[in-house]
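Welcome! Take a moment to look over the model below, and then we will walk through a few of its features together.

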Amino acid sequence: MTAVRKSSLVQVAEFVAGKGEGGKFGKLELFGAVPEVSQADRRMRDLRQMGWQIDNYKVNPSLRPDEYLVRKLGTRVDLGEPRPKNTRKSITGPKRRRILERDGHTCQVCGVRAGQEFPDAPGRTAVMTIGHLVPVNRGGQNTDANLRAECQRCGDESRDVTVDPPSYEQVLAHVSQGSLKDKRLLYSWMQAGRRMPSDSEKLFLEWSRLSPADRLNVAAVLESQVVKEL
Ligand SMILES: [Zn+2]
C-alpha cells in the first residue's frame with residue numbers, strides 16, 4: 001500500500017521544473033506542493049547549489065516578496081540525475097572552531113550570539129553555522145578570509161541574496177549614500193575585512209543578557225535621558 005516516498009529535494013525539484021524556465025510561482029504555492037514545509041527553503045537553497053537559477057525579489061525587483069521566477073533548471077534530480085558531490089560540504093573541526101572563536105560566536109550578519117534568543121522570535125535560539133562570503137558555487141574557497149560565523153537564519157537568507165552578485169555600480173552608489181557616521185563604520189569594517197559590532201550593538205547584547213527586571217531598569221534610565229534630550 002505504501003507509495004515510494006520521494007525526498008523533499010526531489011519534490012521541490014519536480015515542482016519547480018513543472019513551472020519551466022520563465023515560469024513564476026508563489027511561496028504559498030510551493031508550500032502547498034511540498035508536504036514538509038519546513039524543508040522547502042532549505043531545498044530551494046540546495047537546488048541553487050546545483051545550478052538551478054531561481055530569482056526572488058531580492059535579486060529581481062520586478063517580483064513580489066512572495067514570488068519566484070525560474071530562470072534556469074540545473075541538475076535534474078527529479079529525473080534521477082545524481083546529485084553533484086561536495087555541494088554542501090560543511091566546515092568542521094579546528095577550522096570551524098577557529099572561525100567561531102575569531103567571530104566571537106556572534107552572527108556576522110545580524111549580531112545574534114550563539115544560544116541567544118532571536119529578539120523578534122522569542123523561544124527560538126541562534127545556532128551558529130559557518131558561511132561563505134563568496135558562495136562555493138561562485139568560486140568561493142574554504143579559506144579563513146572567505147568564511148564567517150552566521151546564525152541559521154542569516155545563513156539561509158544570505159545564500160538567497162547571493163544568487164546573483166550585486167554590480168560594482170550598485171555597491172558604489174549605495175556606499176556613497178550613507179551618513180558620514182555610517183561611512184566611517186563601514187570603512188572600519190572594510191579595513192578589518194569583516195563586520196564588527198558597533199558600540200551600540202555590543203551594549204545591546206550586554207543589556208539583553210541581564211535579567212528581565214534589570215533590563216527594565218536600564219531601559220527606564222535610558223528613557224529618561226532620551227526624553228530629556230528631546
Ligand atoms: Zn544572523
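A residue counts as buried under 20% relative accessible area, as exposed over 50%, and as partly exposed in between. Arg-76, with a relative accessible area of 21%, is therefore partly exposed. Please keep in mind that this is a predicted model.

Arg-76 has a salt-bridge partner in Asp-78, and Asp-78 is buried at 14% relative accessible area. Side chains of opposite charge can pair when their charged atoms come close. The structure holds ten salt bridges, including the three in this table:

| Salt bridge | Closest N to O distance |
|---|---|
| Arg-64 and Asp-66 | 3.4 Å |
| Arg-76 and Asp-78 | 2.8 Å |
| Arg-148 and Glu-150 | 2.8 Å |

Glu-150 is buried, with a relative accessible area of 1%. Salt bridges with shared partners link Arg-64, Asp-66 and Glu-67 into one network. Within that network, Arg-64 is partly exposed at 48%, and Asp-66 is partly exposed at 34%.

Now to the metal site: which residues coordinate the zinc ion? They are Cys-107, Cys-110, Cys-151 and Cys-154, each through its SG atom, at 2.3 to 2.4 Å. Along the chain, these donors follow the spacing C-x2-C-x40-C-x2-C. The arrangement is tetrahedral because the four donor atoms subtend angles of 102 to 117 degrees around the zinc ion. Cys-107 is buried, at 1% relative accessible area, whereas Cys-110 is partly exposed, at 39%.

Finally, helix α7 covers residues 180-192. Its 13 residues should span 18 Å at 1.5 Å a residue, and the end C-alpha atoms agree, lying 18 Å apart. Just after α7 comes Gly-193, with a positive phi of about 80 degrees.

Notes: Residues are numbered from 1 along each chain as its sequence is written. This is a predicted model: local features need pLDDT of at least 70, side-chain atom pairs count only at pLDDT 80 or more; totals for chains, interfaces and linings use all residues. Side-chain values use heavy atoms; hydrogens and water are left out. Donors are N, O and S atoms within 2.8 Å of the metal (3.2 Å for Na, K and Ca); water is not among the atoms, so sites may look incomplete. Four donors count as tetrahedral if all angles lie between 85 and 135 degrees; four count as square planar and six as octahedral if opposite donors are over 155 degrees apart and all others between 65 and 115; anything else is irregular. Buried means under 20% relative accessible area, exposed over 50%, partly exposed in between (1.4 Å probe, protein chains only). Helices (H or I, at least four residues) and strands (E, at least two) are DSSP runs, numbered from the N terminus. The expected span of a helix is 1.5 Å times one less than its number of residues. A salt bridge is a side-chain nitrogen of Lys or Arg within 4 Å of a carboxyl oxygen of Asp or Glu.
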